[in-house]
Amino acid sequence: MSTTVQIQQLRNSARLLRSLSRSIGTSRALSLHALAGPDTWIGPTAQSCYEQLLAMRRQLTTNQLSLADTAGRLDRRADELEQLPPVLKMVS
Amino acid sequence: MTVMAFDRARLEILRNALDAALEDLRLIRSDDVHAAEAMRCVRSASRTLDDICIPRVHDILTSTAMTWYKRAGAACDNVTEAALVTARERRWEMVDDPLSGLGPPSRACRTFDDVLHQMRSGALTPMSAPIDANGRALAHYTSLTFEPADTPFVLGQIDLRSNIDKLVDFFSDALPIGMRKHHTLTVYYLTGARVVSNVHTLTAYDRDEGPETDWDRGTAATVSGYMVVEDDSSVAEIVLPIGPEGSDPTAGRRLFSQESSGYSGVFYPDEPPVFEPVNREPSFGNPDVWTFTTSAAPMVDGWGTWGL
């Protein structure tokens, strides 16, 4: 695979990951916990649901950040490849 | 049967928000290999909403079995009881809680003593133990690493030291030669913790790099439940007293000190965990992580033994 194609793939992948990260970050799933607290309901079912929503939010947020990090890493890799001298680009 | 109370208008808002959130999650898609972990998380979140939260809210909103407040006396603890008093003042509706007759109670309903008692009686079922290599070179064994999503909730702790150990510890404060032991049993409640099961090969390994791990065969699950951990540590030291006679006997210069520590434990999940393949390498540096094996031989620094 040529370096140019590789760079393009890395850029595309980074763009998709950022888009995915944004989709997760703007999902209404992240704000559900605010509606599921003791102002709405009380009892074991309520508590269990609230904890599940909090845990779900934590996992989604962690993955959202992780996707943004990965996108940054792919972009940096593409930058490095772009800066290679033409001879090395052919080798890599 | 435990009672639950709810504000119908707010619960209907929650139901609509759950539907909308599920719709959002279903629209999130990606085939990119770098997004595999995130997509697993999104699918898991969708299942949580679709299979658990939405049906529960729906059941409560459509329940016709209304309950009088006087039954709230069956609530599981004082906190719930107090909340139900508030709920009555707000004229909230009340129903028998569908969860109270199913599965384990919430952590507020199971005390430290309850957990110990139910552990001994077998009412609590532990998670399956890691696979043991039984000391056979090149045989496979597994480790279980628990990564709490939050600071674990401590239900209680007891001191397991013998009276002699406590006495030795007491006199060690004033004597030049001392021996301090700590032996405690702690019960934590973990909510939404990640547990990673890794497969290792029993070989001699580099101390810095840890045991040989087959990363492709790692699996992970999200669990909630009780973590029971027995910590055992001891410090032997020789201290040279400094200062004039009659000064603080605990002040001194430490000439020699040797420490040893270890832990063992078992996890009791609220529900049987569902493990799925994972590619991410776990971190051994998180201080809030417990890693357990059943084999003593492959133990690395920071790992504990499965079982109590």
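Two strands pair if DSSP finds at least two bridges between them. By that criterion, the predicted model contains an open sheet of three strands. The order is S1(A)-S1(B)-S2(B), and the pairing is antiparallel. Both chains therefore contribute to the sheet, through S1(A) on the one hand and S1(B) and S2(B) on the other.

The edges of this sheet are held by strand S1 (41-42) of chain A and strand S2 (93-96) of chain B. Each has a single partner strand, so one side of each is left without a neighbour in the sheet. Within chain B, strand S1 (residues 3-6) pairs with S2(B) in the antiparallel sense. Four bridges join these two strands. In one of the pairings, B:Phe6 has B:Glu93 of S2(B) as its bridge partner. Helix H2(B) packs on the sheet. This helix touches S1 of chain A as well as S1 and S2 of chain B. The direction of H2(B) makes about 85 degrees with that of S1(B).

Chain A was examined next. Chain A has three helices and one strand. Along the sequence, the pattern is α-β-α-α. Chain A has 92 residues, and 41% of them count as buried. Contacts in chain A between residues at least 6 apart in sequence were also considered; 76% of these join residues at least 24 apart.

Two helices of chain A pack against each other. Helix H1 (residues 3-26) and H2(A) cross at roughly 160 degrees, and their axes come within 8 Å. That angle makes H1(A) roughly antiparallel to H2(A), because angles over 145 degrees count as roughly antiparallel. The crossing of H1(A) and H2(A) is left-handed. By class, their contact has 13 nonpolar, eight polar and six charged residues.

Helix H2(A) also packs against a helix of chain B. Helix H2 (residues 44-83) of chain A and helix H2 (residues 36-62) of chain B meet at an angle of about 160 degrees. Their axes lie 10 Å apart. H2(A) is thus roughly antiparallel to H2(B). The crossing of H2(A) and H2(B) is left-handed. On the chain A side, the contact includes A:Thr45, A:Ser48, A:Cys49, A:Gln52, A:Leu53 and A:Met56. Farther along H2(A), A:Gln59, A:Leu60, A:Asn63 and A:Leu67 also take part. From H2(B), the contributing residues include B:Glu37, B:Ala38, B:Cys41, B:Val42, B:Ala45 and B:Thr48. B:Leu49, B:Ile52, B:Cys53, B:Arg56 and B:Ile60 of H2(B) contribute as well. By class, this contact of H2(A) with H2(B) has 13 nonpolar, six polar and two charged residues.

Two threonines illustrate the packing at the level of single residues. B:Thr48 lies in helix H2 of chain B. The relative accessible area of B:Thr48 is 13%. B:Thr48 is therefore buried, since the cut-off for buried is under 20%. Leaving aside neighbours within four places in sequence, B:Thr48 is in contact with A:Gln52 and B:Cys53. A:Gln52 is itself among the H2(A) residues that make the contact with H2(B).

The second threonine, A:Thr70, is placed in helix H2 of chain A. A:Thr70 counts as buried, at 9% relative accessibility. Residues up to four places away in sequence are not counted among its contacts; A:Thr70 then touches A:Leu17 and B:His34.

Terms used
Residues numbered from 1 in each chain as written. Chains lettered and ligands numbered in written order. Predicted model: local features only at pLDDT ≥ 70, side-chain atom pairs only at ≥ 80, totals over all residues. Heavy atoms only, no water. Axes fitted to C-alpha atoms, helices over the stretch in contact; angles between N-to-C directions. Parallel < 35°, antiparallel > 145°, perpendicular 65-115°, else oblique. Left-handed = near helix turned anticlockwise from the far one by under 90°. Contact = heavy atoms within 4.5 Å. Nonpolar A, V, L, I, M, F, W, Y, C, P; charged D, E, K, R; others polar. Buried < 20%, exposed > 50% of the residue type's maximum accessible area, 1.4 Å probe, protein only.
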